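Biologist: Could you take me through one part of this protein closely, at a pace that suits a first-year student? I would like to look at the sheet and the core beside each other.

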Amino acid sequence: MAEIKNDNYIGIEEAAEYLGVKASTVRSWIKKKNMPFHRVGGKLLKFKRSEIDEWVNSEENIDIEE
């Protein structure tokens, strides 16, 4: 149950902090590495930690440091 609680939508700054990178890097990964996100209200970007974890652990993103 705690895992579900931690899977709320988070903003770009919190996603960047979660990944240990800058928000600009997250924006770059959205465009270049197909990082999963949800658009809210047209411009607002939101992320789910579970989707971020799945994306980071996927084989196609082994080298996300580019």
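To start us off, what percentage of the 66 residues of the protein chain count as buried?

Modeller: Happy to help! Keep in mind that this is a predicted model. Of the 66 residues in the protein chain, 27% count as buried. The accessible surface comes to about 5000 Å², and carbon and sulfur atoms account for 49% of that area.

Let's get our bearings before we zoom in. The protein chain holds 4 helices and 3 strands, and along the sequence they follow the pattern α-β-α-α-β-β-α. Take the contacts between residues at least 6 apart in sequence: 48% of them join residues at least 24 apart.

Now for the sheet. Its 3 strands form an open sheet in the order β1-β3-β2, with antiparallel pairing. β1 (9–10) and β2 (38–40) stand at the edges with a single partner strand each, so one side of each has no neighbour in the sheet. In general, strands of a sheet pair through backbone hydrogen bonds, either parallel or antiparallel. Between β1 and β3, 2 bridges make the join. You can find Y9 opposite K48 in β3.

Next, the core. The largest nonpolar core has 13 residues, and those with the most contacts inside it are I12, V26, I30, M35, F47 and I52. At least two residues of this core come from each of α2 (12–19), α3 (23–32), β3 (44–48) and α4 (49–57). The largest share, 4 residues, is supplied by α3.

F47 is a good residue to pause on, since it is one of those with the most contacts inside the core. Leaving aside neighbours within four places in sequence, F47 touches N8, Y9, I10, G11, I12, A15, V26, I30, M35, P36, F37 and I52. Try picking out I12, V26, I30, M35 and I52 in that list: they are also among the residues with the most contacts inside the core.

Finally, follow one of those contacts out to F37. This residue is found in the loop between α3 and β2. At 29% relative accessibility, F37 counts as partly exposed, because that value lies between the 20% and 50% cut-offs. Again leaving aside neighbours within four places in sequence, F37 is in contact with I30, L45, K46 and F47. F37 and I10 are 27 residues apart along the chain, and their C-alpha atoms are separated by 9.9 Å.

Notes. Residues numbered from 1 in each chain as written. Predicted model: local features only at pLDDT ≥ 70, side-chain atom pairs only at ≥ 80, totals over all residues. Heavy atoms only, no water. Core = buried A, V, L, I, M, F, W, Y, C linked by side-chain atoms within 4.5 Å. Buried < 20%, exposed > 50% of the residue type's maximum accessible area, 1.4 Å probe, protein only. Contact = heavy atoms within 4.5 Å. Areas by Shrake-Rupley, 256 points an atom, 1.4 Å probe, with all protein chains shown as cover. Pairing = 2+ DSSP bridges.
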